[in-house]
Amino acid sequence: MVQSRPPIVRMQYIDQQLRDNYYPNCPIIARYFEVSSKSIQRDIDYMRPARRIHD
């Protein structure tokens, strides 16, 4: 169980997962951080221009 983390921590986690060639989906990450899938989607949307993340 992970306590509530600021968005930057979630984004660092997502970035590291991508760098390690893991591609977890929003519900899995949301469960890990105990936030909504919508919060994770917003994090990804925010990251998309910088990381050139595509759908």
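Is Phe 33 buried or exposed? At 3% relative accessibility, Phe 33 counts as buried. Keep that residue in mind, as it turns up again in the views below. The model is a predicted one.

**View 1. The whole chain is built from three helices and has zero strands.** Follow the sequence from start to end and you read the pattern α-α-α. The chain has 55 residues, and 31% of them count as buried. Its accessible surface comes to about 4,200 Å², and carbon and sulfur atoms account for 51% of that surface. Take the contacts between residues at least 6 apart in sequence: 53% of these join residues at least 24 apart.

**View 2. Ten residues make up the largest nonpolar core.** Here they are: Met 11, Ile 14, Leu 18, Cys 26, Ile 29, Ala 30, Phe 33, Ile 40, Ile 44 and Met 47. The elements giving two or more residues to this core are α1 (7-19), α2 (26-33) and α3 (37-51). The biggest giver is α2, with four residues. Phe 33 from the opening question is one of the core residues.

**View 3. Zoom in on Ile 29, one of the core residues.** Set aside the neighbours within four places in sequence, and Ile 29 is in contact with Tyr 13, Ile 14, Pro 24 and Ile 40. Two of those names, Ile 14 and Ile 40, are on the core list as well.

**View 4. Tyr 13 and Tyr 32 form a stacked aromatic pair.** A pair of aromatic rings is described by the distance of the centres and the angle of the planes. For Tyr 13 and Tyr 32, that works out at 4.9 Å centre to centre, with 15° between the planes. Planes under 30 degrees apart count as stacked, so this pair earns the label. Tyr 13 sits in helix α1 and Tyr 32 in helix α2, so the pair ties together parts that are 19 residues apart in sequence. Tyr 13 counts as partly exposed, at 23% relative accessibility. Tyr 32 also counts as partly exposed, with a value of 41%.

**View 5. Tyr 32 and Phe 33 meet edge-to-face.** This aromatic pair has its ring centres 4.9 Å apart, and the angle between the planes is 90°. Phe 33 is the buried partner, at 3% relative accessibility, while Tyr 32 is partly exposed.

**View 6. Step back, and ring pairs link Tyr 13, Tyr 32 and Phe 33 into a cluster.** How many aromatic pairs are there by this count? The total comes to three, and the two shown above are among them.

Terms used: Residues are numbered from 1 along each chain as its sequence is written. This is a predicted model: local features need pLDDT of at least 70, side-chain atom pairs count only at pLDDT 80 or more; totals for chains, interfaces and linings use all residues. Side-chain values use heavy atoms; hydrogens and water are left out. Buried means under 20% relative accessible area, exposed over 50%, partly exposed in between (1.4 Å probe, protein chains only). Contact means heavy atoms within 4.5 Å. Accessible areas come from the Shrake-Rupley method with a 1.4 Å probe; for residues, only the protein chains shown count as cover. A nonpolar core is a set of buried Ala, Val, Leu, Ile, Met, Phe, Trp, Tyr and Cys residues joined through side-chain atoms within 4.5 Å. Rings of Phe, Tyr and Trp (its six-membered ring) pair if their centres lie within 6.5 Å; planes under 30 degrees apart count as stacked, over 60 as edge-to-face and the rest as tilted.
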